[in-house]
Structures are given as C-alpha cells and as structure tokens.
Amino acid sequence: MPFKISDVVPAGTFARQEQPTIPGPGGLLIRPWQAADAPAVYEAFQDPVIQRWHARVADSVDEASGWIEGWVKAWPEERDAYWAIADAATDALVGRIALRLVVLADGQAEVAYWTMPSARGQGIAPRALTALSDWAFDEVGLHRLELTHAVANEASCRVALKTGFAPEGTKRSAVLHADGWHDMHLHARIRGAEG
C-alpha cells in the first residue's frame, strides 16, 4: 500500500554527499571529525562536568579514536551526524555538536553538544547550535529539531532558550546517569517558527 505523504527529506540526502563543513559565527568552524582530534576528545571526557551529563567515559586516547571512527562512519548511515566544533583560526577543538536520532522521512532529529572546559563561557554552544540548526532547516530541509537535557543541567537549558528551542515539557525519569534517573526537559525548534 503506498504512503499518502512523501518523505519530508529523501533518503540518501546525507549519504550521496560528503559531510559538509559549516561556518559558524564568531570564528567557529563546524567540521567533520579528524583522527588528530582524539587527544582533545580524551581530554574533554576527563572533565567532571562532561562526565556528569554523559554515560560514557574515555579511558584512553585509543578509545577516543574509536569513537571518532564511529562518528565518521555514522554520516552515510543517515541516523546520526557528528561534527567537531573548531576555532576557525587555529583548528583547535572547542566542542562537539551532533544531529542524533535522525529520521529523514519525518524531517526530524535531536541535537546534542558539549564544549571543552577551556572554551566554556564564550558562547560557543549557542553559536554552533544556531549554525547547525540553520543548516539543518535551510540546506537539508528538516522540519523539527529536538533538544533534551537533564532538568538539573541549567547551562544546557540556557543554551536551548537562547537559540530559540522552545520548552515543550518534562520527560519524567527519562535518562539514567551515574547518579540515578533524571527528568529531562524537552525543547524543540520548528522550521520557520519563532520560539
């Protein structure tokens, strides 16, 4: 039986092209991951703040290298897309941003990000999130981007609100962290909608 509604974004939209580099405001570059980024990823995951909000811990640079290999391979599979956030002048890693749980047919994905401890407080997450969201809407044609964060993660809530991801509610006891189950705030941005 045929579908009455066409796919919002056709399958193959990611896979038939190289993963792009997206310029960001204020000297940021959202670029594909490189093997040389592994030491910085390992360093990032030694940070207690990153460890608090993530289920994984990097035990070695080799393990971080394996993650990067997986992030690179995810692009043609069209389920997740991961980028490094780099300083455009030096190419130094300042964070990570991703489209996760991508469903091209439905025009939806979830955004996720973190920043290096040394790069916090400089507006990197909001600038990168705005650039990636604009690309996802304008270049890819996605319709809805979701952002979830632990209710206790006030910094992520500020980023969401600052970048137009409207609060939609609380998912109770939705994600297990090392310290137990966390309620999660759900935010979303819709293509063409304000707030």
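In what sense do E2 and E3 pair, and over how many bridges? In this predicted model, the two strands pair in the antiparallel sense, and four bridges hold the register between them. One position of that pairing can be picked out by eye, since Arg-31 has Ala-84 in E3 as its bridge partner.

From this pair the view can be widened to the sheet to which the strands belong. Eight strands make up an open sheet with mixed pairing, and their order across it is E1-E2-E3-E4-E5-E6-E8-E7. The edges are formed by strand E1, residues 22-24, and by E7, each of which pairs on one side only. When direction is ignored, neighbouring strands of this sheet are turned by 25 degrees against each other on average.

Beginning at the E1 edge, one finds E1 paired with strand E2, residues 28-31, in the antiparallel sense over three bridges. Within this pairing Ile-22 has Ile-30 in E2 as its bridge partner. Beyond E2 comes strand E3, residues 81-87, which is largely enclosed by the rest of the structure, because six of its seven residues are buried.

E3 in turn runs antiparallel to E4, to which six bridges join it, and in this pairing Ala-86 stands opposite Leu-93 of E4. The hairpin made by these two strands has five residues between them, and there Asp-91 takes a positive phi near 65 degrees. Thr-90 also lies in the loop between E3 and E4, and with a relative accessible area of 55% it counts as exposed, because that value is over the 50% limit. A sense of the span of the model comes from comparing Thr-90 with Gly-169, since the two C-alpha atoms are 39 Å apart in space while the residues are 79 apart in sequence.

E4 itself is mostly covered, with eight of its eleven residues buried. On its other side, E4 pairs with E5 in the antiparallel sense over seven bridges, and Arg-96 has Trp-114 in E5 as its bridge partner. These strands too form a hairpin, here with four residues between them, and Gly-107 in the turn has a positive phi of about 70 degrees.

Farther along the sheet order, attention turns to strand E8, residues 180-190, in which His-187 has its place. Is His-187 buried or exposed? His-187 has a relative accessible area of 1%, and it is therefore buried, the limit being under 20%. Its C-alpha atom lies 6.2 Å from that of Thr-148, although the two residues are 39 apart in sequence.

The backbone deserves a separate look at two further positions. Most residues other than glycine have a negative phi. Against that background, Glu-78 has a positive phi of about 65 degrees although it is not a glycine. Glu-78 lies in the loop between H3 and E3 and is buried, with a relative accessible area of 13%. Ser-173, likewise a residue other than glycine, has a positive phi near 45 degrees, but this residue lies in strand E7 and counts as partly exposed at 41% relative accessibility.

The interior can be approached through the largest nonpolar core, which has 53 residues, and in which Trp-83, Leu-99 and Trp-135 touch the most other members. Helix H4 gives this core its largest share, namely ten residues.

What remains is the empty space. The largest pocket holds about 1,200 Å³. It is lined by 44 residues, and the closest to its centre are Trp-53, His-54, Tyr-113, Asn-153 and Ser-156. Several elements give two or more residues to this lining: the helices are H2 (48-53), H3 (61-77), H4 (124-140) and H5 (154-162), and the strands are E4 (93-103), E5 (108-115), E6 (144-150) and E7 (166-177). Sorted by class, the lining has 25 nonpolar, ten polar and nine charged residues. H4 thus appears both in the list of lining elements and as the source of the largest share of the nonpolar core, while E4, mostly covered, is likewise among the strands that contribute to the lining.

Note on methods: Residues numbered from 1 in each chain as written. Predicted model: local features only at pLDDT ≥ 70, side-chain atom pairs only at ≥ 80, totals over all residues. Heavy atoms only, no water. 1 Å grid on protein atoms, 1.4 Å probe; cavity = no way out; pocket = protein on both sides within 12 Å on 5 of 7 lines; lining within 4 Å. Points joined across faces, edges and corners; volume = space filled by probe spheres on them. Nonpolar A, V, L, I, M, F, W, Y, C, P; charged D, E, K, R; others polar. Core = buried A, V, L, I, M, F, W, Y, C linked by side-chain atoms within 4.5 Å. Buried < 20%, exposed > 50% of the residue type's maximum accessible area, 1.4 Å probe, protein only. Pairing = 2+ DSSP bridges. Axes fitted to C-alpha atoms, helices over the stretch in contact; angles between N-to-C directions.
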